[in-house]
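Reader: Hey, could you pick one spot in this thing and walk me through it closely? After that, feel free to work outwards from there into the rest, and keep it casual.

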Amino acid sequence: MTTLLITTWVGALITLCCFTFLIKDNPFYRFAEHLFVGVSAGYYLSTISFHQVLKPNLLAKIWPTYFASGTAAEATPEYILIIPGLLGLLMLFRFSSNLSWVSRFTVAFVMGVSTGIAVVTSAEQYLIPQVKKAIVPLIVSGDYFGSFSNLVLVVGTVSCLFYFFFSTEHRGPVFGNVAKVGIWYLMISFGAAFGATVMGRISLLIGRFNFLLSDWLHLIK
Amino acid sequence: MNIFIKLKNLDRRWVFLFVALSVIIPLLFPFALPVVPTKAVANLHKFIENAEALPEGTRCFLSFDFDPASEPELKPSAVAILVHMFRRNLKPICGANWPVGGEMAEVALVEAANAYMSTYEDMKAQGKLAPGCKPIIERGVDYVNLGYKTGAIIHVKALCNDFMYPYPQDRDGNSTAEMAIFRNPDGRRFAMSDVGLIISFTAGTGGIETFISMAGEHKRPMAAGCTSVNIPRFTTYLQSGQLIGMTGGLPGAAEYETLIERPGKGCAGMTPQSIAHLVIMLFIIFGNLAYIAEQRNEAKKKG
């Protein structure tokens, strides 16, 4: 109960410190900002990186008797994992200006694996399904809304692609007008994105005021 | 006209004050506004409700790919979906692609489990629970929180083959190999193919898109709970049929809460959200009128 009370008060005071930035930059805001950076880094390194990743996925598999629990403690040690462990340690060479090149072996390995997977999956799961969905009939018999919707989709796809085709100048009756339609589509999508962003930010504000008014001040249930 | 020009030079702190009041006043003096579920939210609810698609006891993977910065937007929908799953006797397996996602999952699981257990008798009397529902649900049997794992796409690829290898322990350090929730009747290792539905609560990159990337391998139905900012981006996956449903931001959570008849923070947030939107719209309109008035004044001066 006492811990909950302390955490609620700390949370409320830090929230108010952050809100003071709306008036102008001040030491209270900077205190909250620096505290957040420090706590996040410490928490990420100890609780998350060590206890949720490094310990169960590396140490417990190389030295199960020391780090694993349950039946996993009796498992055969997987010494092959020493190799990725060493690759991870190579990253620490980035702190040395003379030997930072050593860390490139690890970066190269990660880049190679990630690119290999991403190339296949990007085409398979992003490009092809989206292109496939854009190939639709312009006239759907008996469904006026469906026909209109498909027309909007096809015109939007073509005109936006046209707008991003920079090898030809956007002038003339065809190039110029189609690119202009593309700009309109882009503007509408930016408007939708802006509206969604405002909605998101207001939701976050509601979350904070909910916390202040209910958990801290108990003014609402 | 002059009043609009004066408004253009209004100190931005007045705008902050008005927006703050538009949120605080409806929170202090609440009144209900109707919440109408959209097709994307209704489809997700329908899929979870469907006993043929997800028979009782089906395990579902819920990835908490957000941090406290997006918690007010995503936690309400996560809690609502978890409560619905418990009522349907589905078994949520929670993981995370974001470092603090495990902590976010823990908070949502505790709230949803308490909400389910405290209303068990009432819901049972109303006949709104699946036949196999129990009054008390247990960690490791009915649900589990596996915590965070690094790797994103590579991590999801590993889950497609074997859950136990990337997750030998749950978030609290308990061995997953002994947990009943991961036991297959035929003794096979638990993999993504044993999951009935994948849902990612996504705040940015490394969320539902990592699961979509690996869809060719796991071939499981997917849904998303996303922040409002991501709604336009993820709608394309809804249109292409890659996602079966989606809850977008706090309104999405309110819609899901309405569908499961359990008003929570999503529904409570809809009145301040609507009033704040109205205030912002008024400021945008006044700002534009002020801009037009100023342009006219300048034209008059030149003319």
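**A loop residue and what surrounds the story**

Author: Sure, let's start in chain B, in the loop that runs between strand E3 (144-148) and helix H7 (153-161), since that's where B:Ala152 sits. One thing up front: this is a predicted model. The backbone is what catches the eye here: phi of B:Ala152 is positive, about 50°, although the residue is not a glycine. Is B:Ala152 buried, exposed or partly exposed? It has 19 other C-beta atoms within 10 Å, and buried takes 20 or more, so B:Ala152 counts as partly exposed.

Chain A has a residue to set beside it. A:His218 also has a positive phi without being a glycine, with a value near 55°. You'll find A:His218 in the segment after H7 of chain A. A:His218 counts as exposed, because its C-beta neighbours inside 10 Å number 8 and the cut-off for exposed is 12 or fewer.

Now back to chain B for the overall picture. The chain has twelve helices and six strands, and its C-alpha trace spans about 85 × 45 × 35 Å along the principal axes. Of its 303 residues, 47% are buried. If you take the contacts in chain B with a separation of 6 or more, 75% of them come from residues 24 or more positions apart.

For a piece of that buried part, go to strand E5 (residues 222-226) of chain B. Five of the five residues there are buried, so the strand is largely enclosed by the rest of the structure. In a regular strand the side chains alternate between the two faces of the sheet. In E5(B), B:Met222, B:Ala224 and B:Cys226 point one way while B:Ala223 and B:Gly225 point the other, and all are buried.

E5(B) also has strand partners. Strand E4 (residues 195-202) of chain B pairs with E5(B) in the parallel sense, over five bridges, and B:Ile198 has B:Met222 as its bridge partner in E5(B). Strand E6 (residues 245-248) of chain B pairs with E5(B) as well, again parallel, this time over four bridges; here B:Ala224 is matched with B:Met246 in E6(B). Put helix H10 (residues 231-239) of chain B together with E5(B) and E6(B) and you get a right-handed β-α-β unit.

How do the chains meet? Chain A brings 41 residues to the contact and chain B brings 50. On the chain A side, the elements giving two or more residues are helix H2 (27-62), helix H5 (104-134) and H7. H7(A) gives the most, with 17 residues. By class, that side of chain A divides into 25 nonpolar, 14 polar and two charged residues.

H7(A) has a packing partner inside its own chain, too. Two packed helices are described by the angle between their axes and the distance between the axes. For helix H6 (residues 144-163) and helix H7 (residues 172-216) of chain A, the axes come within 7 Å and cross at roughly 110°, so H6(A) and H7(A) are roughly perpendicular to each other. From H6(A), the residues involved include A:Val155, A:Gly156 and A:Phe162, and among those they meet in H7(A) are A:Val178, A:Gly182 and A:Leu186. By class, that contact has ten nonpolar, three polar and no charged residues.

Technical notes
Residues are numbered from 1 along each chain as its sequence is written. Chains are lettered from A and ligands numbered from 1 in the order in which they are written. This is a predicted model: local features need pLDDT of at least 70, side-chain atom pairs count only at pLDDT 80 or more; totals for chains, interfaces and linings use all residues. Two strands pair if DSSP finds at least two bridges between them. A crossover is right-handed if, with the strands pointing away from the viewer, the path from the first strand over the helix to the second runs clockwise. Axes are lines fitted to C-alpha atoms, for helices over the stretch in contact, and angles run from 0 to 180 degrees between N-to-C directions. Angles under 35 degrees count as roughly parallel, over 145 as roughly antiparallel, 65 to 115 as roughly perpendicular and the rest as oblique. Two residues are in contact if their C-beta atoms, placed from the backbone, lie within 7 Å. Ala, Val, Leu, Ile, Met, Phe, Trp, Tyr, Cys and Pro count as nonpolar, Asp, Glu, Lys and Arg as charged, and the others, Gly among them, as polar.
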